[in-house]
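Q: I am new to this structure. Please take one part of the model, the aromatic side chains, and go through it closely.

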Amino acid sequence: MTETEGVCYYKIITDGILTGGIHSEINDKTMYLSICIDEKYRRLGIAEKALKKIISVMPCDVETIEANIEETNTPSTALFQKLGFQVSSQDDELVTYRKLL
């Protein structure tokens, strides 16, 4: 993990291999995040495990998590819905998912 004034980047390491990362920024009790998994390692549950870990170690002052996802990215939208995120807004093809903690 690296950290700079509320901005963190978490490396996702699977069996000693860098398989992805999570970028997050905390602002006004909301964590904004994005996740990227190397194409070779997608659909293996890595993103789900990483997001569950991030949620479990969330700082106590964070009340909401938000992520913007392209509506055509059905694996990501399905994952965020599975983890309890709900659509809070949509702007053209970009959908904002929100989870209240």
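A: A residue counts as buried when its relative accessible area is under 20%, and as exposed when that area is over 50%. The model is predicted. With a relative accessible area of 2%, Phe80 falls under the 20% cut-off and is therefore buried.

A search of the whole structure turns up 2 aromatic pairs. In one of them, Phe80 and Phe85 meet edge-to-face, with 4.9 Å from centre to centre and 75° between the planes. The label edge-to-face applies because planes over 60 degrees apart are counted that way. Phe85 is buried as well, with a relative accessible area of 3%.

Phe80 also pairs with Tyr97. This pair is tilted, at 6.5 Å centre to centre and with 40° between the planes. Phe80 belongs to helix H2, residues 74–82, and Tyr97 to strand S7, so their pair ties together parts that are 17 residues apart in sequence. Tyr97 has 4% relative accessibility and so counts as buried. Taken together, Phe80, Phe85 and Tyr97 make up one aromatic cluster.

Strand S7 also leads to a charged part of the model. Strand S7 spans 94–100, strand S6 spans 86–91, and the loop between these two strands holds Asp92. Asp92 has a relative accessible area of 62% and is exposed, whereas Tyr97 is buried. Asp92 is one of the residues of a negative surface patch, together with Glu70, Glu71, Asp91 and Glu93.

How values were computed:
Residues numbered from 1 in each chain as written. Predicted model: local features only at pLDDT ≥ 70, side-chain atom pairs only at ≥ 80, totals over all residues. Heavy atoms only, no water. Patch = residues over 30% accessible without salt bridge, like charges linked within 9 Å, V, L, I, M, F, W, Y side chains within 5 Å. Areas by Shrake-Rupley, 256 points an atom, 1.4 Å probe, with all protein chains shown as cover. Salt bridge = Lys/Arg side-chain N within 4 Å of Asp/Glu carboxyl O. Lys, Arg positive; Asp, Glu negative; His and termini not counted. Charge placed at Lys NZ, Arg CZ, Asp CG, Glu CD. Helix = DSSP H or I, 4+ residues; strand = E, 2+ residues; numbered from the N terminus. Buried < 20%, exposed > 50% of the residue type's maximum accessible area, 1.4 Å probe, protein only. Phe/Tyr/Trp six-rings, centres within 6.5 Å; stacked < 30°, edge-to-face > 60°.
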